[in-house]
Amino acid sequence: MTISLRLDDKLAQQLEAVARERGVSKSEVVRLCLEDYLAREQARPTAWELGKELFGRHSSGRSDLSENCEQVLRELMHAKARRR
């Protein structure tokens, strides 16, 4: 597959310098960088994986909060008003 890529002057110069130092083509440098980036992205944990130990840890005991949040809030406000 062929991909066309536009680079600013500074990045193009850096790419040229690295390719020259390593004795490889600019395409090879870009390919290696892309492989490295994609490998890191695949290894990166998802939001679920990062928080799975925290989800549900402080349970309210109510399984309907997402469906009835307005009703629950109303009940809490009425209860608070009665305490005053």
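A residue counts as buried under 20% relative accessible area, as exposed over 50%, and as partly exposed in between. Keep that scale at hand for the exercises below, which all concern a predicted model.

**Exercise 1. Place Arg20 and its salt-bridge partner Glu16 on the accessibility scale, and work out how the two sit in helix H1.**

Step 1. Start with Arg20, whose relative accessible area is 59%. Exposed begins over 50%, so Arg20 is exposed.

Step 2. Now take Glu16, which has a relative accessible area of 31% and is therefore partly exposed.

Step 3. Look at the side chains: Glu16 and Arg20 meet in a salt bridge, at 4.0 Å from N to O. Side chains of opposite charge can pair when their charged atoms come close.

Step 4. Finally, count along the helix. Glu16 and Arg20 are four residues apart in H1, which means that about one helical turn separates them.

**Exercise 2. Which residues are linked with Glu16 in a network of salt bridges?**

Step 1. Arg20 is already known as a partner of Glu16.

Step 2. Search for another partner and you will find Lys26, whose salt bridge with Glu16 has its closest N and O atoms 3.5 Å apart. Because Lys26 belongs to helix H2 and Glu16 to helix H1, this pair ties together parts that are ten residues apart in sequence.

Step 3. Check the accessibility of Lys26: at 42%, this residue is partly exposed.

Step 4. Put the pairs together: the network links Glu16, Arg20 and Lys26.

**Exercise 3. Describe the salt bridge between Arg44 and Glu41, and say how many salt bridges the structure holds.**

Step 1. The closest N and O atoms of Arg44 and Glu41 are 3.1 Å apart. A salt bridge needs this distance to be within 4 Å, and the pair qualifies.

Step 2. Compare each value with the scale. Arg44 is exposed at 53% relative accessibility, whereas Glu41 is partly exposed at 32%.

Step 3. For the whole structure, the total is five salt bridges.

**Exercise 4. What is the volume of the largest pocket, and which elements give two or more residues to its lining?**

Step 1. The volume is about 440 Å³.

Step 2. The lining of this pocket has 13 residues, and those nearest the centre are Ile3, Leu5, Ser27, Val30 and Arg31.

Step 3. Two elements give two or more residues to that lining: helix H1 (9-22) and helix H2 (26-43). H2 has the largest share, with five residues.

Step 4. Sort the lining by character and you get eight nonpolar, two polar and three charged residues.

**Exercise 5. How many disulfides does the structure hold, and how accessible are Cys33 and Cys69?**

Step 1. The number of disulfides is zero.

Step 2. Cys33 has a relative accessible area of 47% and is partly exposed. Cys69, at 46%, is also partly exposed.

**Exercise 6. Where does Leu65 lie, and which residues does it touch beyond four places away in sequence?**

Step 1. Leu65 is found in the loop between helix H3 (47-51) and helix H4 (69-83).

Step 2. Beyond four places away in sequence, Leu65 touches Ser60 and Val72.

Step 3. With a relative accessible area of 33%, Leu65 is partly exposed.

Methods. Residues are numbered from 1 along each chain as its sequence is written. This is a predicted model: local features need pLDDT of at least 70, side-chain atom pairs count only at pLDDT 80 or more; totals for chains, interfaces and linings use all residues. Side-chain values use heavy atoms; hydrogens and water are left out. Buried means under 20% relative accessible area, exposed over 50%, partly exposed in between (1.4 Å probe, protein chains only). Contact means heavy atoms within 4.5 Å. On a 1 Å grid over the protein atoms alone, a cavity is a set of points where a 1.4 Å probe fits but cannot get out, and a pocket is an open set with protein on both sides within 12 Å along at least five of seven lines; lining residues have an atom within 4 Å of a point. Grid points are joined across faces, edges and corners, and a volume is the space filled by probe spheres set on the points. Ala, Val, Leu, Ile, Met, Phe, Trp, Tyr, Cys and Pro count as nonpolar, Asp, Glu, Lys and Arg as charged, and the others, Gly among them, as polar. A disulfide is a pair of cysteine sulfur atoms within 2.5 Å.
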